[in-house]
Amino acid sequence: MRKALIEFRNVSFRYSDTNPWVLKDLSFSIYENEFVAIIGHNGSGKSTIAKLVNGLLFPQEGEILINGVTVNEETIWDIRREVGMVFQNPDNQFVGATVQDDVAFGMENRGIPREEMIKRIEDNLAAVGMLDYRLTEPHRLSGGQKQRVAIAGVLAIYPKVLILDEATAMLDPRGRKEIMQTVASLSEQQGLSLITITHDLAEVVQAERIIVMNQGEIWAEATPREIFSKRNQLKEIGLDVPFVAILADELKRAGIELTKEPLNHEELLEELWTLHSKT
Amino acid sequence: MDITFKNVTYIYQKNSPFEHKALENLSFHIPSGTFVAIIGHTGSGKSTLIQHLNGLTVPSEGEVHIGDFKLTNDEKPKNMKELRSKVGVVFQYPEHQLFEETIAKDIAFGPQNFGVSEEEIERRTKEALRQVRLSEELLERSPFDLSGGQKRRVAIAGVLAIQPEVLVLDEPTAGLDPRGQKEIMDMFYNLHREAGLTTILVTHSMDDALKYADQILILNKGTKFMEGTPIDVFRQKEALQSVQLDVPEVVQFLTSFEEKMGKPINFSNQSIDEIATSISEIVKGVE
């Protein structure tokens with residue numbers, strides 16, 4: 001069995017005594033090497049989860065463990081070494097005058113020797129496909145390029161888990177696709193756990209598991225295929241149903257029997273092709 | 001109001017080493033009452049184009065006509081303020097521009113500047129709140145106590161209270177969740193129809209352009225790359241891809257369908273259930 005890397009044990013959180021609970025008695029685990037997506041509409045509590053994982057916030061009730069260690073004031077500095085985060089707005093995360101300075105920033109804070117830093121800058125910029133830009137000034141990059149540099153900076157401190165908190169929300173569709181492809185292949189190559197927090201269902205089809213949040217509680221926890229089949233319920237909690245799932249529904253109504261819930265165009269076309277060749 | 005660009009060129013930092021042409025010989029016409037989507041990459045000239053619509057910039061060469069207002073390099077309209085009271089611009093992340101102590105004051109700021117009377121401002125404020133679906137009970141609260149989505153609605157209400165005839169929207173749904181995006185776009189679309197506005201939407205979303213626009217204008221490197229109805233534009237998949245633009249997901253699917261099955265389903269902005277029927281006929285071989 002895989003080892004639990006992040007564990008939430010009956011966690012409840014609110015911003016102050018007079019505010020409503022943002023998270024209510026939440027329990028779940030995320031394992032080593034796993035790719036999990038957390039989805040939900042604005043205000044469902046999904047971003048609060050990210051802030052609790054690396055100790056930007058602390059829960060009023062319950063306990064959070066990272067790699068077996070409880071998150072508290074004493075442990076946050078060690079925990080932040082293991083949890084890398086990339087946020088929504090790429091412009092709020094840049095500190096360096098050039099791409100390579102920016103990647104170096106996190107390592108400088110951790111006192112990594114110069115030789116090792118240079119090696120890690122090269123390795124990680126290459127991993128996100130940005131090595132050619134190492135001397136470029138950040139403002140010359142597109143939004144998607146900036147996010148890839150931010151990811152390289154986080155990876156350079158060798159975290160065990162990478163959390164993308166709406167990291168693609170400000171990008172155009174092409175930029176989104178690039179980022180998701182980059183992180184999915186990185187997590188596979190480097191044995192990294194990956195948590196992506198988003199409201200875009202189409203972006204999470206590669207995840208092994210999806211946790212759907214609604215009003216501070218887990219509304220569903222299942223594979224993408226299972227989640228896609230609940231389209232009417234998804235709409236009720238304010239999430240978009242992907243085009244391919246809507247079309248699959250209409251096809252069933254038009255008398256086409258699909259053997260499984262398609263996750264993307266290719267899967268649906270493959271089924272249609274098989275059906276067509278039988279007639 | 002009709003909007004016409006005639007051979008418009010706009011040059012930043014002219015006669016300096018940093019000289020840069022943001023728009024080049026751009027001509028187009030938007031009839032009054034049209035909903036237009038403007039699409040293009042970062043750097044394609046979209047923002048510069050928008051700034052011409054309410055006279056924040058004037059063309060270096062060529063002419064811009066907004067209704068009876070004319071903007072050229074040496075001829076700024078004397079009544080610029082009147083132009084700005086007719087063209088409302090919702091900039092990107094408009095909630096960053098909120099500054100007043102109360103929501104009522106923030107919404108009133110625009111009309112006050114245009115000399116609207118107090119009673120009229122009060123009436124318009126209530127009307128604008130109804131349009132953006134916020135409760136009047138919020139009026140005396142600070143805009144900074146609100147959630148992100150509510151703040152954006154307050155900022156939009158401030159633009160609506162000017163009662164513009166032309167509404168310019170620069171990526172108005174960026175950063176909102178799907179439900180929030182749909183609510184805001186449906187709201188603008190209803191306003192467009194009820195108030196007979198001319199609406200200009202700058203967007204990255206091909207699906208929104210397809211759903212709401214009568215006309216699409218595609219910019220590339222400061223020039224007009226394509227113009228037409230959504231159906232005409234999105235049928236030209238290869239041309240769009242040559243400038244790294246995507247087509248709406250439904251068009252992508254129909255193209256892949258034709259490649260795989262060897263039989264076309266032409267895109268005519270048909271509904272998904274119509275597409276399902278066409279697919280089912282082809283798959284079952286009953287054409």
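What follows is a short chat about a sheet, an interface and two loop residues in a predicted model.

Visitor: Before we start, how are things numbered, and which pLDDT limits apply to this predicted model?

Guide: Residues are numbered from 1 along each chain as its sequence is written, while chains are lettered from A and ligands numbered from 1 in the order in which they are written. Since the model is predicted, local features need pLDDT of at least 70 and side-chain atom pairs count only at pLDDT 80 or more, whereas totals for chains, interfaces and linings use all residues.

Visitor: OK, what is the strand order of the open sheet in chain B?

Guide: The six strands of this open sheet run β6-β7-β8-β3-β9-β10 in chain B, and their pairing is mixed. Strands (E, at least two residues) and helices (H or I, at least four) are DSSP runs numbered from the N terminus, and two strands pair if DSSP finds at least two bridges between them.

Visitor: Which strands stand at the edges?

Guide: Those are β6 (87–90) and β10 (223–228) of chain B, and each has a single partner strand, so one side of each is left without a neighbour in the sheet. From one strand to the next, the twist averages 15°, with axes being lines fitted to C-alpha atoms (for helices over the stretch in contact) and angles running from 0 to 180 degrees between N-to-C directions.

Visitor: And how many bridges join β6(B) to β7?

Guide: Four bridges join β6(B) to β7 (residues 166–170) of chain B, and the two run parallel; B:Val90 has B:Leu169 in β7(B) as its bridge partner.

Visitor: Which helix packs on that sheet?

Guide: Helix α1 (residues 46–53) of chain B does, touching β3 (35–39), β6, β7, β8 (198–202) and β9 (215–220) of chain B, and its direction makes about 155° with that of β7(B). Contact here requires C-beta atoms, placed from the backbone, to lie within 7 Å.

Visitor: Switching to the interface, what does chain B bring to chain A?

Guide: 29 residues of chain B are in contact with 29 residues of chain A. On the side of chain B that touches chain A, α6 (178–194), α10 (249–261) and α11 (272–284) each supply at least two residues, and α11(B) gives the most, with nine residues.

Visitor: Any loop residues with positive phi that aren't glycine, and where do they lie?

Guide: A:Asn33 has a positive phi of about 70° and sits in the loop between β2 (23–31) and β3 (35–39) of chain A. Another is B:Glu171, with phi near 45°, in the loop between β7 and α6 of chain B.

Visitor: Is B:Glu171 buried or exposed?

Guide: B:Glu171 counts as partly exposed, with 19 C-beta neighbours inside 10 Å; buried means 20 or more other C-beta atoms within 10 Å, exposed 12 or fewer, and partly exposed in between, with C-beta atoms placed from the backbone. A:Asn33 is also partly exposed, with 17 other C-beta atoms within 10 Å.

How values were computed
Contact = placed C-beta atoms within 7 Å.
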